[in-house]
Amino acid sequence: MTRRLAPPRPITNLRRALCRTLAAVGFATACSAATPAGPGDSARATAPPRLATLADRAQLRLGAAVHDTEVEAFAAKAGRDFNSMTPANALKWGSLLVGGKLGSYDFRQADALVNLALAKPVRLRGHTLVWGRYAGHGHPADLEATVQAAPDPRRELERLMAEHIGAVVGHYRGRITQWDAVNEPLDLQKPEWDDNVFYRTLGPEFVGIAFQIAHTVDPSLELVLNEQLSLYDDEHAEKFFGIIQHLHDTGAPIHGVGLQSHLLSTVPSIASLKRFMRRIAELGLFIEITELDARISLFGDAPDPAAAQGRFFRDVAAACLEEPACRGITVWGISDRYSWLDTFPPFDASRPNAPLLFDHDMRRKPAYQGFVDALAQAPAGRLTAAQ
Ligand code: XIL
């Protein structure tokens, strides 16, 4: 008896079946381009390319800050959506000290995060060595009292800074190559120096001292001055530029400038951001956008606030990609579910602030698509091309 063979299935059907199987085990986009979309396939067919792939092509460091609530989320996205990472809190002076006070260090939590990133195709930003805001977290809770009690407070603070920077930079030597040497030298509201223990004890020169110590400990480091500005063409921005210029003119080992870019109360003009970046570039320094997030309420007047937020993310990315000195963009968190703004006064009062690339349930937002759109326009190898 001869067995009747089933007629061969058309190749497209086979392919579609294979694609469905692949999609079911997590390769959602594996066949989207090759397969005509069937019912229910539209989301897969239009899934955008992953950000890290586009960022690598454009020679842009695209990073996320990682809080302890998002370690797993980052592990899943590292090398797919992000090719850079900043520990959000783990490397701050107070976080590294047992009990947040001067004494012994406990690097275990920070090491776990750093090593997780290093196991992936990801660059690390160190944040931060010297930060005057928030005693206990930003710097040791007992730093000021200890310095005041010393016979020579200036010498004591310099000694403690050298000890701290030496310990941390030494511990991460070869693993972290770029550090925010100083964070937020200015007051957040007024165009004046932040009134903190470093400024009160050492005057404005504390910034240059911190850079010099870090450079002496490891001359191969890229050292960055990081600041939060709301606008790029006001007195505050000028005050910050003055500090950068002074460091540059006095030969301090500063290599880059970090523009935090939290959108807290206003949406800056992209033209002013571009001009500000150009001025920094003309001093021979690089720029990183280090802490981007944008409260959704700032786009509340638009017919579709999420879409307007997406256009803002697109325009920031395009501005950075257009400026050869702009090396990277880091967003301050991954999903809206864990944004720091939702637990940080006064912004907690307006939660959900929804300021990031992924929504509460980890779905890509228009902000994600904004990055895709900007990156897709960037010439491949833009930095090499600009040399
Ligand atoms: C924030 C963290 O996201 C919070 O978890 C923490 O409670 C306070 O600090 N500018 C900075 C960051 O330089 O270090 C801050 O991070 C956000 C503002």
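**Loops, a helix pair and a ligand shell**

Tyr134 lies in the loop that links strand 3 (123-131) to helix 7 (143-149); helices (H or I, at least four residues) and strands (E, at least two) are DSSP runs, numbered from the N terminus. The model is predicted, with local features requiring pLDDT of at least 70 and side-chain atom pairs pLDDT 80 or more, whereas totals for chains, interfaces and linings use all residues. Residue numbers start from 1 along each chain as its sequence is written.

Although Tyr134 is not a glycine, its phi is positive, at about 60 degrees. Because Tyr134 has 13 C-beta neighbours inside 10 Å, it counts as partly exposed (20 or more would be buried, 12 or fewer exposed, with C-beta atoms placed from the backbone).

The loop between strand 9 and helix 14 holds Met362, a non-glycine residue whose phi is likewise positive, near 65 degrees. Met362 has 14 C-beta neighbours inside 10 Å and is therefore partly exposed. Pro346 belongs to the loop between strand 9 (326-331) and helix 14, and the peptide bond leading to it from Pro345 is cis, with omega near 0 degrees. Pro352 is also found in the loop between strand 9 and helix 14; a cis bond with omega of about 5 degrees connects Arg351 to Pro352.

Beyond that loop, helix 14 (residues 366-377) packs against helix 13 (residues 305-322) at about 30 degrees, the axes being 7 Å apart; axes are lines fitted to C-alpha atoms over the stretch in contact, and angles run from 0 to 180 degrees between N-to-C directions. The two helices are therefore roughly parallel (under 35 degrees).

Finally, the ligand is surrounded by residues including His67, Asn183, Glu291 and Trp340, taken as those with a backbone-placed C-beta atom within 6 Å.

Key
Parallel < 35°, antiparallel > 145°, perpendicular 65-115°, else oblique.
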